[in-house]
Amino acid sequence: MSAIAALKGYRTQFLYSLHRIVFGVTDDYVYHIEGEFEDLDIIDNNGKYVECLQVKNLSDSLTFSDLFSAKDSFFKRIIQVSSTNPNVIAKVISFGSVSDELSDKKKLGQKLKSKGFHDNKIQTILAHYTKPMLVSEKSLYNDIVGKLKTEHPFIDPVIAVELLCGR
(Lines give C-alpha, C1' and ligand atoms only; values in the text may rest on other atoms or scores of the structure.)
Protein backbone atom coordinates (compact mmCIF):
# COMPACT_ATOMS: atom_id res chain seq x y z
CA MET A 1 0.00 0.00 0.00
CA SER A 2 1.35 3.41 -0.89
CA ALA A 3 1.74 6.19 1.66
CA ILE A 4 -0.89 8.27 -0.16
CA ALA A 5 -3.41 5.40 -0.02
CA ALA A 6 -2.66 4.88 3.68
CA LEU A 7 -3.16 8.57 4.46
CA LYS A 8 -6.41 8.61 2.48
CA GLY A 9 -7.58 5.59 4.46
CA TYR A 10 -6.74 7.15 7.83
CA ARG A 11 -8.31 10.48 6.87
CA THR A 12 -11.59 8.94 5.74
CA GLN A 13 -11.58 6.56 8.71
CA PHE A 14 -11.33 9.59 10.98
CA LEU A 15 -14.03 11.43 8.98
CA TYR A 16 -16.43 8.52 9.48
CA SER A 17 -15.54 8.34 13.19
CA LEU A 18 -16.07 12.08 13.56
CA HIS A 19 -19.47 11.73 11.87
CA ARG A 20 -20.47 9.02 14.35
CA ILE A 21 -19.32 11.18 17.27
CA VAL A 22 -21.05 14.35 16.04
CA PHE A 23 -24.27 12.48 15.30
CA GLY A 24 -24.07 10.17 18.33
CA VAL A 25 -27.49 9.43 19.74
CA THR A 26 -26.24 9.34 23.33
CA ASP A 27 -23.51 10.81 25.44
CA ASP A 28 -23.29 7.49 27.29
CA TYR A 29 -20.97 6.00 24.67
CA VAL A 30 -17.22 6.16 24.41
CA TYR A 31 -15.89 6.31 20.84
CA HIS A 32 -12.48 4.65 20.69
CA ILE A 33 -10.77 5.42 17.39
CA GLU A 34 -8.20 2.72 16.54
CA GLY A 35 -9.83 0.70 19.28
CA GLU A 36 -8.88 -2.61 20.81
CA PHE A 37 -10.74 -4.56 18.14
CA GLU A 38 -11.44 -2.34 15.13
CA ASP A 39 -10.96 1.07 13.54
CA LEU A 40 -13.80 2.41 15.68
CA ASP A 41 -15.02 0.67 18.83
CA ILE A 42 -18.12 2.08 20.50
CA ILE A 43 -18.43 1.21 24.17
CA ASP A 44 -21.37 1.84 26.52
CA ASN A 45 -21.15 3.29 30.04
CA ASN A 46 -20.91 -0.25 31.48
CA GLY A 47 -17.76 -0.96 29.48
CA LYS A 48 -19.53 -3.28 27.04
CA TYR A 49 -18.78 -3.07 23.33
CA VAL A 50 -21.84 -1.91 21.39
CA GLU A 51 -20.31 -1.72 17.91
CA CYS A 52 -16.97 -2.59 16.35
CA LEU A 53 -16.51 -0.97 12.95
CA GLN A 54 -13.93 -1.71 10.28
CA VAL A 55 -13.65 1.29 7.93
CA LYS A 56 -12.31 0.76 4.40
CA ASN A 57 -11.68 3.14 1.53
CA LEU A 58 -10.30 1.09 -1.34
CA SER A 59 -10.07 1.98 -5.01
CA ASP A 60 -11.35 -1.52 -5.93
CA SER A 61 -14.41 -3.32 -4.63
CA LEU A 62 -14.00 -4.49 -1.03
CA THR A 63 -13.72 -8.28 -0.85
CA PHE A 64 -13.45 -11.00 1.77
CA SER A 65 -9.68 -11.19 1.34
CA ASP A 66 -9.37 -7.48 2.25
CA LEU A 67 -10.64 -8.39 5.73
CA PHE A 68 -8.77 -11.66 6.13
CA SER A 69 -5.14 -12.52 6.69
CA ALA A 70 -3.46 -15.69 7.90
CA LYS A 71 -2.33 -14.02 11.12
CA ASP A 72 -5.43 -12.03 12.03
CA SER A 73 -8.74 -11.02 10.56
CA PHE A 74 -11.86 -8.97 11.11
CA PHE A 75 -13.73 -12.25 11.47
CA LYS A 76 -11.45 -13.64 14.19
CA ARG A 77 -11.84 -10.37 16.10
CA ILE A 78 -15.65 -10.70 15.88
CA ILE A 79 -15.36 -14.03 17.68
CA GLN A 80 -13.04 -12.49 20.25
CA VAL A 81 -15.15 -9.42 21.08
CA SER A 82 -18.47 -11.31 21.06
CA SER A 83 -17.22 -13.82 23.64
CA THR A 84 -17.59 -11.17 26.37
CA ASN A 85 -20.02 -8.79 24.61
CA PRO A 86 -23.03 -10.86 23.50
CA ASN A 87 -24.88 -7.91 21.94
CA VAL A 88 -22.01 -6.37 19.98
CA ILE A 89 -22.57 -5.50 16.34
CA ALA A 90 -19.65 -5.92 13.94
CA LYS A 91 -19.90 -3.83 10.82
CA VAL A 92 -17.86 -2.92 7.78
CA ILE A 93 -18.08 0.67 6.55
CA SER A 94 -16.99 1.13 2.96
CA PHE A 95 -16.38 4.26 0.89
CA GLY A 96 -16.70 2.14 -2.24
CA SER A 97 -18.44 -0.92 -3.57
CA VAL A 98 -18.57 -4.20 -1.65
CA SER A 99 -18.51 -7.71 -3.12
CA ASP A 100 -21.39 -10.15 -2.71
CA GLU A 101 -19.22 -12.36 -0.52
CA LEU A 102 -19.44 -9.66 2.17
CA SER A 103 -23.02 -8.49 1.66
CA ASP A 104 -24.62 -11.95 1.36
CA LYS A 105 -24.39 -13.87 4.65
CA LYS A 106 -24.76 -17.25 2.92
CA LYS A 107 -21.78 -16.51 0.66
CA LEU A 108 -19.83 -15.13 3.61
CA GLY A 109 -20.50 -18.33 5.55
CA GLN A 110 -19.17 -20.37 2.63
CA LYS A 111 -16.00 -18.23 2.45
CA LEU A 112 -15.46 -18.62 6.19
CA LYS A 113 -15.90 -22.40 5.89
CA SER A 114 -13.33 -22.49 3.05
CA LYS A 115 -10.87 -20.73 5.39
CA GLY A 116 -11.29 -23.43 8.04
CA PHE A 117 -13.74 -21.82 10.43
CA HIS A 118 -15.89 -24.37 12.27
CA ASP A 119 -19.69 -24.17 12.03
CA ASN A 120 -20.12 -22.81 15.59
CA LYS A 121 -17.62 -20.00 14.90
CA ILE A 122 -19.31 -19.20 11.59
CA GLN A 123 -22.68 -18.95 13.37
CA THR A 124 -21.15 -16.61 15.96
CA ILE A 125 -19.67 -14.39 13.26
CA LEU A 126 -22.90 -14.26 11.25
CA ALA A 127 -24.97 -13.51 14.38
CA HIS A 128 -22.95 -10.36 15.09
CA TYR A 129 -22.04 -9.28 11.56
CA THR A 130 -24.31 -6.84 9.78
CA LYS A 131 -24.48 -6.00 6.10
CA PRO A 132 -21.74 -3.53 5.10
CA MET A 133 -22.70 0.12 5.06
CA LEU A 134 -21.74 2.23 2.05
CA VAL A 135 -20.86 5.85 2.79
CA SER A 136 -19.80 8.88 0.80
CA GLU A 137 -16.93 11.11 1.86
CA LYS A 138 -18.71 14.18 0.50
CA SER A 139 -21.96 13.35 2.30
CA LEU A 140 -20.22 12.73 5.65
CA TYR A 141 -18.24 15.94 5.29
CA ASN A 142 -21.32 18.01 4.40
CA ASP A 143 -23.33 16.50 7.28
CA ILE A 144 -20.62 17.39 9.81
CA VAL A 145 -20.16 20.92 8.47
CA GLY A 146 -23.94 21.48 8.50
CA LYS A 147 -24.32 20.27 12.08
CA LEU A 148 -21.39 22.35 13.32
CA LYS A 149 -22.74 25.40 11.50
CA THR A 150 -26.13 24.98 13.17
CA GLU A 151 -24.95 24.14 16.67
CA HIS A 152 -21.83 26.34 16.84
CA PRO A 153 -22.54 29.53 14.89
CA PHE A 154 -19.39 31.29 16.14
CA ILE A 155 -16.92 28.92 14.51
CA ASP A 156 -16.11 28.33 10.89
CA PRO A 157 -17.16 24.68 10.50
CA VAL A 158 -15.29 24.21 7.22
CA ILE A 159 -11.98 25.21 8.78
CA ALA A 160 -12.74 23.13 11.90
CA VAL A 161 -13.43 19.97 9.90
CA GLU A 162 -10.52 20.54 7.54
CA LEU A 163 -8.14 20.97 10.49
CA LEU A 164 -9.48 17.82 12.16
CA CYS A 165 -9.34 15.72 8.99
CA GLY A 166 -6.01 17.00 7.65
CA ARG A 167 -7.33 18.27 4.35
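These exercises with worked solutions explore a predicted model of one protein chain.

**Exercise 1: The overall fold**

Find how many helices and strands the protein chain has, and work out in what pattern they follow one another.

Solution.
- Start with the count. The protein chain has seven helices and five strands.
- Now read along the sequence. The pattern is α-β-β-β-α-β-α-α-α-β-α-α.
- Then check the radius of gyration. The value for the protein chain is 17 Å, and the globule rule gives 15 Å for 167 residues. These are close, so the chain is as compact as a globular protein of that length.
- Add the outline. Along the principal axes, the C-alpha atoms fill a box of roughly 55 × 40 × 25 Å.

**Exercise 2: Inside, surface and charge**

Determine what share of the protein chain is buried, and what its exposed area is made of.

Solution.
- Take the inside. Of the 167 residues, 41% count as buried.
- Take the surface. About 9,400 Å² is exposed, and carbon and sulfur atoms supply 53% of it.
- Look at contacts between residues at least 6 apart in sequence. Of these, 60% join residues at least 24 apart.
- Finish with charge. The protein chain has 21 positive and 21 negative charges, and their mean positions are 6 Å apart.

**Exercise 3: A covered helix**

Decide whether helix 2 is mostly covered or mostly open, and list what its buried residues pack against.

Solution.
- Locate the helix. Helix 2 spans residues 74-82.
- Count its buried residues. Seven of the nine are buried, which makes helix 2 mostly covered.
- Name them. They are F74, F75, R77, I78, I79, V81 and S82.
- Find their partners. The buried residues pack against strand 3, strand 4, helix 3, helix 4 and helix 5.
- Recall the helix geometry. An α-helix has 3.6 residues a turn, so residues three or four places apart point the same way.

**Exercise 4: Two serines in loops**

Place S73 and S99 in the chain, and judge whether each is buried or exposed.

Solution.
- Begin with S73. This serine is in the loop between strand 3 (49-56) and helix 2 (74-82).
- Apply the cut-off. Buried means under 20% relative accessible area. S73 has 1%, so S73 is buried.
- Check its side chain. A polar atom of the S73 side chain lies 3.0 Å from the backbone nitrogen of K76.
- Look beyond neighbours within four places in sequence. S73 is in contact with L67, F68 and F117.
- Turn to S99. This serine lies in the loop between strand 4 (89-94) and helix 3 (100-103).
- Use the cut-off again. S99 has 14% relative accessibility, so S99 counts as buried.
- List its contacts, again leaving out residues up to four places away. S99 touches S61, L62, T63 and F64.

**Exercise 5: Two buried valines**

For V55 and V145, identify the element each belongs to and the residues each touches.

Solution.
- Place V55. This valine is in strand 3.
- Check its cover. V55 has 6% relative accessibility and counts as buried.
- Gather its contacts, not counting residues up to four places away. V55 touches T12, Q13, Y16, D39, I93 and F95.
- Compare sequence and space. V55 and P132 are 77 residues apart along the chain, and their C-alpha atoms are separated by 9.8 Å.
- Place V145. This valine lies in helix 6, residues 137-151.
- Check its cover. V145 has 9% relative accessibility and counts as buried.
- Gather its contacts by the rule used for V55. V145 touches P157, V158 and V161.
- Look at one of these pairs. V145 and V158 are 13 residues apart along the chain, with 6.0 Å between their C-alpha atoms.

**Exercise 6: Two partly exposed residues**

Describe what joins K113 to D119, and state the phi of E34.

Solution.
- Start with K113. This lysine is in helix 4.
- Check its cover. K113 is partly exposed, at 48% relative accessible area.
- Look past neighbours within four places in sequence. K113 is in contact with D119 and I122.
- Examine the first pair. A polar contact of 2.8 Å joins the side chains of K113 and D119.
- Move to E34. This residue is in the loop between strand 1 (30-33) and strand 2 (40-43).
- Check its cover. E34 is partly exposed, at 44% relative accessible area.
- Read its phi. The value is positive, about 55°, although E34 is not a glycine.
- Set this against the general rule. Most residues other than glycine have a negative phi.

How values were computed
Residues are numbered from 1 along each chain as its sequence is written. This is a predicted model: local features need pLDDT of at least 70, side-chain atom pairs count only at pLDDT 80 or more; totals for chains, interfaces and linings use all residues. Side-chain values use heavy atoms; hydrogens and water are left out. Helices (H or I, at least four residues) and strands (E, at least two) are DSSP runs, numbered from the N terminus. The radius of gyration is taken over C-alpha atoms; the globule rule is 2.2 Å times the number of residues to the power 0.38. Buried means under 20% relative accessible area, exposed over 50%, partly exposed in between (1.4 Å probe, protein chains only). Contact means heavy atoms within 4.5 Å. Accessible areas come from the Shrake-Rupley method with a 1.4 Å probe; for residues, only the protein chains shown count as cover. Lys and Arg count as positive and Asp and Glu as negative; His and the chain ends are not counted. The place of a charge is taken as NZ of Lys, CZ of Arg, CG of Asp or CD of Glu. A polar contact is a pair of N or O atoms within 3.5 Å; within protein, one must be able to donate a hydrogen and the other to accept it, and residues adjacent in sequence count only if both atoms are side-chain atoms.
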